[in-house]
Amino acid sequence: MRTDRTDANRDTRATGTGVLVIPDDAMVIVPVRNVVLFPGMILPLTIGREQSILAAQQAVKTERPVGILLQRDAEIETPGPDDLCLVGTVANILRYVTLPDNTHVIVCQGLQRFRVAEYLHGYPFPVARIGRIDEPDATDSEIEARLIQLRERALKVLQYLPQVSQELGNAVKGIAQPGALADLVASVTELKIADRQRVLESIDLTQRLDIVLDCLLGRLEVLQLSRELDERTKASIDQRQREYLLREQLKSIQKELGEGDTGNALEIQALHKAIADAQMPEEVANQANKELNRLERMSDGSAEYSMLRTYLDWLVELPWQEPEPDRIEIADARRILDADHFGLDQIKKRIIEFLAVRKLNPSGHGPILCFVGPPGVGKTSLGQSIAKALGRKFVRASLGGVHDEAEIRGHRRTYIGALPGNIIQAIRKAGTRGCVMMLDEIDKLGSGIQGDPSAALLEVLDPEQNNTFRDNYLALPFDLSRMLFITTANVLDGIPGPLRDRMEIIQLPGYTQEEKLQIARRYLVGRQIDQNGLKQGQIELSDPALVALIRDYTREAGVRSLERQIAAVCRRAAVNIAEGTQSAMRVEESDLTGILGPSKFDNEVALRTGLAGVATGLAWTPVGGDILFVEASRTSGDGKLILTGQLGEVMKESAQAALTLVKTHAGSLGIDGDCFEKCSVHVHVPAGAIPKDGPSAGVAMFVALASLFTDRPVRNDTAMTGEISLRGLVLPVGGIKDKVLAAMRAGIERVMLPARNRRDLEEVPEEAKKRLEFVFLENVEDAVRHAIAR
């Protein structure tokens with residue numbers, strides 16, 4: 001084979017319409033992988049390479065046949081002339097189809113063998129000059145004998161191929177031309193691609209028939225061996241089934257003769273005793289005995305045997321018997337609560353009331369307590385203290401991120417790896433139906449395509465329904481009415497209404513600085529000394545150092561960050577003691593900078609409220625209260641209001657209402673009414689990376705705008721909260737306790753609250769009431785009078 005670039009350039013020319021001209025003695029070539037097309041055969045071919053698609057489209061457009069050539073190496077993506085076989089098949093494209101997934105398919109009918117003479121260059125697809133190969137028609141006695149032998153051997157092979165139709169066998173019987181029969185047999189039997197290409201390249205009939213006969217002989221041996229293996233396998237399975245039946249009959253005979261106390265009989269006997277000792281209700285016992293009878297008749301090799309055995313294990317290990325009565329001593333309970341938690345007086349009072357009712361009415365349905373509060377205020381440890389006071393076992397199930405109903409109700413036994421839900425698993429772990437179960441992070445339940453876990457909890461937490469709770473795995477009623485459920489949450493908004501309605505909400509506030517100091521001194525320091533391998537006396541933190549940790553290095557409602565900072569101080573002491581540089585260490589306030597670095601929080605109130613147009617507001621977050629600053633400025637403009645700081649829709653509307661109120665009260669505030677039309681107002685709430693929303697910043701926005709237009713600064717010791725109306729009224733808001741504590745932590749001295757929130761001061765700790773001055777607002781005039789310096 002040779003290529004001639006000069007001839008190719010001469011033959012490559014375009015017509016006026018832009019259609020490529022292919023010489024009469026040349027043909028478009030379509031390379032294929034792992035497919036050999038024989039003359040007389042019709043075969044669909046999937047083409048995906050761009051060159052092959054262009055070649056097929058050119059052939060269809062010009063209504064000319066194509067040359068189908070096998071690619072020597074199927075891994076080559078763009079084959080060249082040397083990568084293609086020399087002998088292929090001339091084929092007509094009967095149909096060109098583009099499927100919905102953009103797959104191109106051509107249906108080809110093989111016409112005649114051809115041999116490549118040379119390839120032409122300058123085309124976007126392979127084009128070659130070819131020589132057509134005529135089919136020899138010589139016949140003699142040797143070819144006739146080979147024809148008869150090929151027909152017989154092919155029919156035998158087809159008998160072992162169940163997917164082959166009867167029409168194909170009739171076609172093999174009816175073909176009289178030796179070459180055509182060899183091509184047909186090579187195409188329909190599962191010969192290797194290399195063997196098929198050898199048949200295609202064999203022009204001599206004797207050689208072609210010999211190749212096909214040899215290939216069929218090997219193929220026939222493989223098929224016969226495969227048939228024998230199938231028959232042996234079937235016979236083996238039949239034998240095992242026979243042995244299984246005989247073993248079952250032998251078991252029955254041994255049982256009748258009293259000789260069946262071997263193997264699984266002892267296990268069955270043990271299960272009978274366990275069911276009798278479990279004190280199950282009648283319905284449960286009947287079901288357990290029914291399943292045990294099924295297990296006794298079942299072979300231990302059965303797949304269902306292990307599933308049924310696991311189910312019976314769950315039934316006998318669950319605590320069905322009545323729990324022991326609670327041993328409640330109110331004085332001991334009060335002592336336990338005081339020893340485990342500092343402060344939280346209102347919470348302890350409610351828990352004591354709860355325990356007193358339990359003592360007087362043990363069989364009553366008490367409420368489901370839900371502790372709601374910021375992280376780190378002691379919600380989980382309160383549940384442990386209640387269990388200790390009741391003398392009950394304590395188990396905890398975390399619901400954070402649970403989005404599958406089966407986590408609560410369990411899976412049905414028919415599923416592989418099925419288990420009961422978290423409720424039943426926790427009861428089995430506790431070993432009693434009278435335990436205290438804490439469902440932690442109930443506000444973080446999710447929902448998905450597997451169902452809604454919060455809906456499954458409705459039955460668990462309803463005292464009127466949970467005495468017949470049905471787990472999907474057990475499929476039997478289980479009495480949860482003697483259990484004490486306690487739930488925890490950070491925010492109420494994440495708890496669905498029907499679920500919240502079944503619980504009594506107990507709000508846990510954040511701690512004051514004095515309370516944090518006492519908690520650190522009584523609990524946190526000692527715990528971190530033990531966890532860091534230190535001994536009492538090797539480290540001592542002074543009270544000023546602890547106050548500095550609380551004030552300058554943490555700003556939270558709970559004490560988790562404080563405990564982490566104490567742990568960092570203890571680790572520094574551990575390093576010094578392990579190195580031998582110190583035998584004991586006393587930490588003062590001045591030492592904290594060298595251990596923890598510079599303070600993380602500063603008192604920014606005086607600095608940031610020294611200018612007109614800046615007011616200090618109070619906000620509520622899921623982790624407690626916080627302060628925020630509202631900054632307002634004005635520039636020359638056309639009266640537009642610009643809002644920045646990731647404000648939500650409600651907060652934006654509060655800013656618009658505040659600006660309208662300032663315009664309305666311009667006369668009483670001494671503001672020139674024309675200035676609003678000549679300037680643009682920009683209101684910004686710093687910490688712009690944090691989304692903010694809610695109406696409680698309305699008073700702070702009004703005061704900031706009033707300060708801006710009157711050019712008088714807001715008092716730097718005052719923070720405020722409250723919603724405003726267009727009539728100038730100050731409306732009540734929520735989260736007063738958390739906001740007041742946040743103001744105290746930030747060094748605020750005066751707090752302005754809506755007058756209708758006066759009743760919420762009952763929940764504020766006494767320390768905060770003593771340290772802060774409270775101003776109650778009826779309208780925005782009161783806010784201006786008390787907040788803006790004269």
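How many helices and strands does the chain have? The chain has 28 helices and 24 strands, where helices (H or I, at least four residues) and strands (E, at least two) are DSSP runs, numbered from the N terminus. What is open in the viewer is a predicted model, in which local features need pLDDT of at least 70 and side-chain atom pairs count only at pLDDT 80 or more, while totals for chains, interfaces and linings use all residues. Residues are numbered from 1 along each chain as its sequence is written, and side-chain values use heavy atoms, with hydrogens and water left out.

**The whole chain**

Begin with the entire C-alpha trace, which spans about 125 × 100 × 65 Å along its principal axes. The radius of gyration of the chain is 44 Å, well over the 28 Å that the globule rule gives for 790 residues, so the chain is more spread out than a compact globule; the radius is taken over C-alpha atoms, and the globule rule is 2.2 Å times the number of residues to the power 0.38. Of the 790 residues, 47% count as buried, where buried means under 20% relative accessible area, exposed over 50%, and partly exposed in between (1.4 Å probe, protein chains only). Among contacts between residues at least 6 apart in sequence, 73% join residues at least 24 apart, contact meaning heavy atoms within 4.5 Å.

**Helix 5**

Next, select residues 178-188, which form helix 5, a mostly covered helix in which eight of the 11 residues are buried. The buried residues to colour are P178, G179, L181, A182, D183, L184, V185 and A186.

**Helices 8, 9 and 10**

Move on to E267, which is found in helix 8 (residues 265-277) and is partly exposed, with a relative accessible area of 25%. Not counting residues up to four places away in sequence, E267 touches Y305 and R309. E267 and E296 are 29 residues apart in sequence, and their C-alpha atoms are 9.5 Å apart in space.

Now show helix 9 (residues 282-296) together with helix 10 (residues 303-317), which pack at an angle of about 155° with their axes 10 Å apart; axes are lines fitted to C-alpha atoms, for helices over the stretch in contact, and angles run from 0 to 180 degrees between N-to-C directions. Helix 9 and helix 10 are therefore roughly antiparallel to each other, given that angles under 35 degrees count as roughly parallel, over 145 as roughly antiparallel, 65 to 115 as roughly perpendicular and the rest as oblique. Their crossing is left-handed; a crossing is left-handed if the near helix is turned anticlockwise from the far one by less than a right angle, and right-handed if clockwise. To view the contact, select V284, Q287, A288, E291, L292, R294 and L295 in helix 9, which meet E304, Y305, L308, R309, Y311, L312 and L315 in helix 10. By class, this contact has nine nonpolar, one polar and four charged residues, where Ala, Val, Leu, Ile, Met, Phe, Trp, Tyr, Cys and Pro count as nonpolar, Asp, Glu, Lys and Arg as charged, and the others, Gly among them, as polar.

**S542 and helices 19 and 20**

Is S542 buried or exposed? At 4% relative accessibility, S542 counts as buried, and its place is in the loop between strand 14 (539-541) and helix 19. Leaving aside neighbours within four places in sequence, S542 is in contact with R521, R586, V587, E588 and E589.

Continue into helix 19 (residues 543-553), which packs with helix 20 (residues 560-579) at an angle of about 125°, the axes being 10 Å apart. That makes helix 19 oblique to helix 20, and helix 19 passes helix 20 in a right-handed crossing. Select L546, L549, I550 and Y553 in helix 19, which meet L562, Q565 and I566 in helix 20; the residues of this contact divide into six nonpolar, one polar and no charged.

**I671 and helices 25 and 28**

Which residues is I671 in contact with, leaving aside its neighbours within four places in sequence? They are V662, A666, F676, F709 and T710. I671 is buried, with a relative accessible area of 8%, and lies in the loop between helix 24 (666-669) and strand 19 (679-684). The C-alpha atoms of I671 and F709, 38 residues apart along the chain, are separated by 6.6 Å.

Finally, select helix 25 (residues 698-710) and helix 28 (residues 780-787), whose axes come within 10 Å and cross at roughly 60°. That makes helix 25 oblique to helix 28, and the crossing is right-handed. The contact is made by V699, F702, V703 and A706 of helix 25 and V780, A783, V784 and A787 of helix 28, giving eight nonpolar, no polar and no charged residues.
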